[in-house]
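This report looks at the salt bridges of one chain and at where their partners lie. Please view the sequence and the model together before reading on.

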Amino acid sequence: MLLFKKSLAILFIISSFYAQQVTAQEIQLSPADDLQQALNNSQNGDVIILESGSYFGNFIIPNQVTLRSNNKGEAIIDSQGKGHGLWLKNSHITIENLTITNWGNDLTEQNSGIYSHDKIDNNKVPNLTIRNNILIGDGFGIWLNQADKAIISHNRVKGNLTLRSADRGNGIQVANVTNSHIFLNEVSETRDGVYVISSQNNIIEQNTMHHLRYGIHYMYSYDNTVKNNSAYNTRAGYALMSSRRLTITGNKTIDSEDYGFLLNFITQSTFSHNYVKNVWTKPENKVLGRDGKGLFVYNSGYNTVKNNIIDTAEIGIHLTAGSENIKIFGNSFINNPTQVKYVSNKKQEWSKDGRGNYWSNYLGWDMGNDGIGDTIFEPNDGIDKLVWQYPEMKMIMDSPAILILRWVQRQFPVLKPPGVKDSFPLMSAPSLTKNDQTVTTPTFAKSNSAQSANTTSASLKE
C-alpha cells in the first residue's frame, strides 16, 4: 500500500511538470496591447515578447515568466515619472533586452527601474535573472532584496547628473542577497554604482562604474568576492565598510578624488593585485585634512594587503584608528608625495618571508644584487607626524632646523617614535602575477557613453 501511494505521488509530480510545459507559451505583444493584463493572465513558464515601441505604466509581474524584446532596447517601459518600472513578485523571472526609463524619484519609497523586495512563502526569492537591459532614471536602477541565486549581467544603468548625488538612487542595490552573480554591467551618474548590504556568498566582477560617488559600496556583508572591476571618475573607487572575509582582487580605480579604496572596519579580508592610479583632491574642493588617499585603512585589522599598485596619490596609504595586525607586502608605492601616513603607537613590519614592498623614493642600495635593498626603509618618522598634526609646518620642511631634527633622530634611535618599517624593500616594482597572468599597468576600456559625456566635475556636485 505504501509503495502504491509513493507511485501515485511520483506520477502526480511528473504529470504536473508536463502539464506546466504544455500550457507554457510564447506571447507576442505590441504597444497597443494591454501588457499588465497579459502579465496577470500569464502562466508559469510563459515567454512574453514585446515588439518595438513604448509601453507606458508601472507593471507588476506576478508569475514565473520571461519578459523580453527580440531587439535590445527597442521595447521601452516608460513609467511616466512615478513608481517602479517593473515590480517582480515571484521567483524564476527573467527580464532581458528591455529599455526601462522614467520611473519615480522617491528614494523613501525605493522607486526603481526593476524592483523585487519581499520573500515568498517566508523564503528568499530564487533565480531572478536581469540581463542585457538599459535603465535610465532618477531613482534606483535595479533593487533586489531577499533574493537567492540571482543573476544581474550585461545591463547599462544611467542616472541623472542634474540631481545632487544624495538625491540619486544607486545603480544596482542588493540587500539580504545570497549566492548571486553581478557581472559585466556598466553603471554611471547614479549615487553609488553597486551597493551591497547584509549579503553573503556573492561574486561581483567585471563591472565598469564611473561618474559616481562610490563605484562599489559594501556594508555589513561577509564572504563575498569583488574582482576585476573598473572604476573611474569617482569620489572613491571602492568603499568597503563593516564587513569581513572579503576577497578583493584584480580591481582597478583611476581618477578618484578622495579614496582609491576606503576600508572602514574591515576584518579577515584579502586585498591583492588591485591597481590604484591618480587619487587627488581637486583644488576647488581642498580643505584642511582632505587629501587623496590610495588606500585609507580605518579601524581595520587582521587583513592582508599584497601585490597592489598605488600610483600617484597624494597619500599612498593612510592607516589609523587601530588598524593593526595587517600583513602588507609585495605592493608598489609609486610617485606618491606622501607614501605612508601611519597614526598609531604600535610598530609595524611591512614585509613577509624576506620580501617587502617597492617604494619609488627609496634611496638604498643592493650590494648583494638579490633585488632586496640592504638598508631598512622607514617611510615616515617623528617629523612627518608633526607635519600631519600641524600642516602649516610644511612651509619649513626644507629649513636647517628640520634637517637637524632628522639627523638627531637618525643618530639617536631611542628618540624615534613607533611607526612603519620595511626591512626588505624591493629594488624594483614587481610584475604582479595572478593566475599566470601578468598584471602591470592596466588600461581602462571606457565606454562610448563615458567618452562623450562632459560630466566629470558634475558627478561630484553636492
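Does Arg290 count as buried or partly exposed, and at what relative accessibility? In this predicted model, Arg290 has a relative accessibility of 27% and therefore counts as partly exposed, since it falls between the limits of 20% and 50%.

## The chain as a whole

The chain has 462 residues, of which 52% count as buried, and its secondary structure comprises 5 helices and 41 strands. Among contacts with a separation of 6 or more, 50% are between residues that stand 24 or more positions apart. About 21,200 Å² of the chain is exposed, and 51% of this area comes from carbon and sulfur atoms.

## Arg290 and its acidic partners

The salt bridges number 14, and two of those described here involve Arg290, which pairs with Glu257 and with Asp258. In the pair with Glu257, the closest N and O atoms are 3.6 Å apart; Glu257 belongs to strand S27 (residues 252-267), whereas Arg290 sits in the loop between strand S29 (275-279) and strand S30 (293-298), so that the pair links distant parts of the chain, 33 residues apart. Glu257 has a relative accessibility of 1%, and because this is under 20% the residue counts as buried.

In the salt bridge between Arg290 and Asp258, the closest N and O atoms are 2.8 Å apart. Because Asp258 lies in strand S27 and Arg290 in the loop between S29 and S30, this pair ties together parts of the chain that are 32 residues apart in sequence. Asp258, at 13% relative accessibility, counts as buried, while Arg290, at 27%, counts as partly exposed.

## A pair between two loops

Glu314 and Lys286 also meet through their side chains in a salt bridge, with an N to O distance of 2.5 Å. Glu314 is in the loop between strand S32 (309-313) and strand S33 (315-320), and Lys286 is in the loop between S29 and S30; the pair links distant parts of the chain, 28 residues apart. With a relative accessible area of 10%, Glu314 is buried, whereas Lys286, with 34%, is partly exposed.

## A shared network

Glu257, Asp258, Lys282 and Arg290 are joined into one network by salt bridges that share partners. Within this network, Glu257 is buried at 1% relative accessibility, and Asp258 is buried at 13%.

Note on methods
Residues numbered from 1 in each chain as written. Predicted model: local features only at pLDDT ≥ 70, side-chain atom pairs only at ≥ 80, totals over all residues. Heavy atoms only, no water. Salt bridge = Lys/Arg side-chain N within 4 Å of Asp/Glu carboxyl O. Helix = DSSP H or I, 4+ residues; strand = E, 2+ residues; numbered from the N terminus. Buried < 20%, exposed > 50% of the residue type's maximum accessible area, 1.4 Å probe, protein only. Contact = heavy atoms within 4.5 Å. Areas by Shrake-Rupley, 256 points an atom, 1.4 Å probe, with all protein chains shown as cover.
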